[in-house]
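Me: Please take a close look at one pocket in this model and at the residues around it. I would like a connected account rather than a list.

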Amino acid sequence: MSEEGATVTESAAATETPATESAPAKHADMAKTSKRKQCWEKRDTYFACLDKNDNNQEACAPEKEGYYTACPGSWVKHFNKLRIQAQYSSGIDQFRRSGGKVPESAVKDEVLLKRGA
């Protein structure tokens with residue numbers, strides 16, 4: 001009976017991959033140029049979709065899944081931060097070019113922020 005228990009335990013251990021191994025393995029894959037390029041292409045496709053669809057994530061669900069699958073989580077977090085910073089800078093530039101007129105999109109965002117939405 002103990003042999004059967006050992007067999008079941010060993011086979012279960014062989015099929016389970018600890019969650020801690022997946023992230024480092026994904027980072028190790030990124031050392032390959034083809035994997036990095038695939039990640040960048042998926043990122044660019046997803047961001048282009050967001051631009052085209054007024055940042056509607058539901059409309060870009062397939063692209064988002066591809067992006068999150070192809071890139072390590074730390075890269076996704078970094079790329080998303082860069083996108084937000086670029087959008088913020090773009091809004092400031094638009095404000096300066098307009099001679100101090102606040103863009104309509106900024107007014108909507110400010111109202112949502114005050115509401116806590």
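Reply: A residue counts as buried when its relative accessible area is under 20%, as exposed when that area is over 50%, and as partly exposed in between. The model is a predicted one, and the part examined here is its second largest pocket.

First, the setting. The protein chain has six helices and zero strands, so that, from the N terminus on, its elements read α-α-α-α-α-α. The chain has 117 residues, of which 15% count as buried. Its accessible surface comes to about 9200 Å², and carbon and sulfur atoms hold 54% of that surface. Among the contacts with a separation of 6 or more, 52% are between residues 24 or more positions apart.

Now the pocket itself. The second largest pocket has a volume of about 170 Å³. Three helices, α3 (33-52), α4 (61-70) and α5 (73-97), each supply at least two residues of its lining. The largest share, four residues, comes from α5. The lining is made up of Tyr 46, Phe 47, Leu 50, Asn 55, Gln 57, Lys 64, Tyr 68, Asn 80, Arg 83, Ile 84 and Gln 87. Sorted by class, these are five nonpolar, four polar and two charged residues.

One of the lining residues, Asn 55, is found in the loop between α3 and α4. With 40% relative accessibility, Asn 55 counts as partly exposed. Leaving aside residues up to four places away in sequence, Asn 55 touches Leu 50, Arg 83 and Gln 87. Leu 50, Arg 83 and Gln 87 also appear in the list of lining residues.

Arg 83 deserves a closer look, as a residue of the lining that also takes part in a salt bridge. Side chains of opposite charge can pair when their charged atoms come close. Arg 83 forms such a bridge with Asp 51, and the closest N and O atoms are 3.0 Å apart. This pair links distant parts of the chain, with Arg 83 in helix α5 and Asp 51 in helix α3, 32 residues apart. The two partners differ in exposure. Arg 83 has a relative accessible area of 13% and is therefore buried. Asp 51 is exposed, because its relative accessible area is 52%.

The structure holds two salt bridges, and the other one can be set beside the pair just described. In it, Asp 44 is joined to Arg 43, with 2.9 Å between the closest N and O atoms. Asp 44 has 42% relative accessibility and so counts as partly exposed. Arg 43, at a relative accessible area of 18%, is buried. Arg 43 is found in helix α3, one of the helices that supply at least two residues to the pocket lining. Apart from residues up to four places away in sequence, Arg 43 touches Tyr 67 and Phe 79.

To draw this together: the pocket is lined by residues that include Asn 55 and Arg 83, and these two residues touch each other. Asn 55 is partly exposed, whereas Arg 83 is buried. From the lining, Arg 83 in helix α5 is paired with Asp 51 in helix α3.

How values were computed. Residues numbered from 1 in each chain as written. Predicted model: local features only at pLDDT ≥ 70, side-chain atom pairs only at ≥ 80, totals over all residues. Heavy atoms only, no water. 1 Å grid on protein atoms, 1.4 Å probe; cavity = no way out; pocket = protein on both sides within 12 Å on 5 of 7 lines; lining within 4 Å. Points joined across faces, edges and corners; volume = space filled by probe spheres on them. Nonpolar A, V, L, I, M, F, W, Y, C, P; charged D, E, K, R; others polar. Salt bridge = Lys/Arg side-chain N within 4 Å of Asp/Glu carboxyl O. Buried < 20%, exposed > 50% of the residue type's maximum accessible area, 1.4 Å probe, protein only. Contact = heavy atoms within 4.5 Å. Areas by Shrake-Rupley, 256 points an atom, 1.4 Å probe, with all protein chains shown as cover.
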